[in-house]
Amino acid sequence: MPSDSGREVPVQLLVRMRFSPLEAETRGGLGGVPTAPRRLTAFSPRCLANKLEIKVGDILKTDLPFFDACVANLPYQISSPFVFKLLLHRPFFRCAILMFQREFALWLVAKPGTKLYCRLSINTQLLAQVDHLMKVGKNNFRPPPKVEFSVVRIEPKNPPPPINFQEWDGLVRIAFVRKNNTHSAAFKSSAVEQLMNHNYRNHCSLHNTTAAWLQFRRHPFLIDSTGRMKVVLYFVT
């Protein structure tokens, strides 16, 4: 990545798995987190001496250092938690080039109004710009797997939207709890109603106010001691 002065600035890469020793030797500032110690034997002494830091462990349990870019080929089981671990990482990275199973990649880039649009689509596109780069057929692997793959680019939004992500995710989780259910039905369920009542009372307790709970089926608002009406959806966590 060229700097303003024209010099080549090494890009720090966080690599999840399956990266080439030759590629690591030719690039500076590379950090990798392989999951199996036996993969360390693939790296030559020249590679290890060329600003390459290797950490062995579970990437979901590893504290991420500062990095500019991320390149990874991710298994399906950790795709979602890894994406949000990246998006909530600070300081911001520049971009991530990630390969996922085709189904997961299409969820990431799905647009509103389409059948694939889901909670994952909303939350990812809220925090980042997501672009589909290319398809990767299963015949590119040996032995070929049973699924197809896609490569996507994720660029975090800086600054991020001014919201409490935990509250927002709670709202979206309820809204998408059942695919063919209406939002009215989702928020009128007794479990959700009790949850919102509990969370709102906790909110009022922390802010030294008192709340009067109005039955959600009759009125979609809560009233605090100041007489102001607060939309109940705001307090879903």
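With which residue does Arg153 form a salt bridge, and how far apart are the closest N and O atoms? Select Arg153 together with Glu155 in this predicted model, and you will find the salt bridge between the two, with the closest N and O atoms 3.4 Å apart.

**Around Arg153**

Keep Arg153 selected and add Asp131, because Asp131 also forms a salt bridge with Arg153, here with the closest N and O atoms 3.5 Å apart. Asp131 lies in strand β6, which covers residues 128–136, and Arg153 lies in strand β7, so this pair ties together parts that are 22 residues apart in sequence. If you colour by accessibility, Asp131 comes out as partly exposed, with a relative accessible area of 23%, while Arg153 counts as partly exposed at 27% and Glu155 as partly exposed at 33%. The structure as a whole holds 4 salt bridges.

**Along helix α6**

Move next to helix α6, residues 165–175, and select Arg173 and Asp169, which form a salt bridge with the closest N and O atoms 3.0 Å apart. Both residues lie in this helix, 4 residues apart, or about one turn. Their surroundings can be compared through their accessibility: Arg173 is partly exposed, with a relative accessible area of 39%, whereas Asp169 counts as buried at 11%. Adding Arg119 to the selection completes a network, since salt bridges that share partners join Arg119, Asp169 and Arg173.

**A buried arginine in α4**

Now select Arg102, which is found in helix α4, residues 102–109. Is Arg102 buried or exposed, and which side chain of opposite charge is nearest? Arg102 is buried and has no salt bridge, the nearest side chain of opposite charge being that of Glu148, 4.0 Å away. Leaving aside residues up to four places away in sequence, Arg102 touches Lys135, Val136, Glu148, Phe149 and Ser150, and these are worth displaying together.

**Two cis peptide bonds**

For the backbone, zoom in on Arg90 and Pro91, which are joined by a cis peptide bond with omega of about 5°. Pro91 sits in the loop that runs between α3 (79–87) and β5 (95–101). Then go to Asn158 and Pro159, where the peptide bond is again cis, with omega near 5°, and where Pro159 belongs to the loop between β7 (149–156) and α6.

**Cysteines**

A search of the whole structure finds 0 disulfides. Select Cys95 to look at one case: Cys95 is in no disulfide, and the nearest cysteine sulfur, that of Cys70, is 9.0 Å away. Cys95 is itself buried, with a relative accessible area of 12%.

**Helix α8**

Select residues 190–206, which make up helix α8; at 1.5 Å a residue its 17 residues should span 24 Å, and the end C-alpha atoms are indeed 24 Å apart. To see the covered part of this helix, display its buried residues, which are Val192, Glu193, Met196, Asn197, Asn199, Tyr200 and Cys204. Beyond the helix comes Asn208, whose phi is positive, near 55°.

**Stepping back**

Finally, show the whole protein, whose secondary structure comes to 8 helices and 10 strands. Of its 237 residues, 37% count as buried, and the protein exposes about 14200 Å², of which carbon and sulfur atoms supply 56%. Among contacts with a separation of 6 or more, 52% are between residues 24 or more positions apart.

How values were computed: Residues numbered from 1 in each chain as written. Predicted model: local features only at pLDDT ≥ 70, side-chain atom pairs only at ≥ 80, totals over all residues. Heavy atoms only, no water. Disulfide = S-S within 2.5 Å. Buried < 20%, exposed > 50% of the residue type's maximum accessible area, 1.4 Å probe, protein only. Helix = DSSP H or I, 4+ residues; strand = E, 2+ residues; numbered from the N terminus. Contact = heavy atoms within 4.5 Å. Areas by Shrake-Rupley, 256 points an atom, 1.4 Å probe, with all protein chains shown as cover. Expected span 1.5 Å × (residues − 1). Lys, Arg positive; Asp, Glu negative; His and termini not counted.
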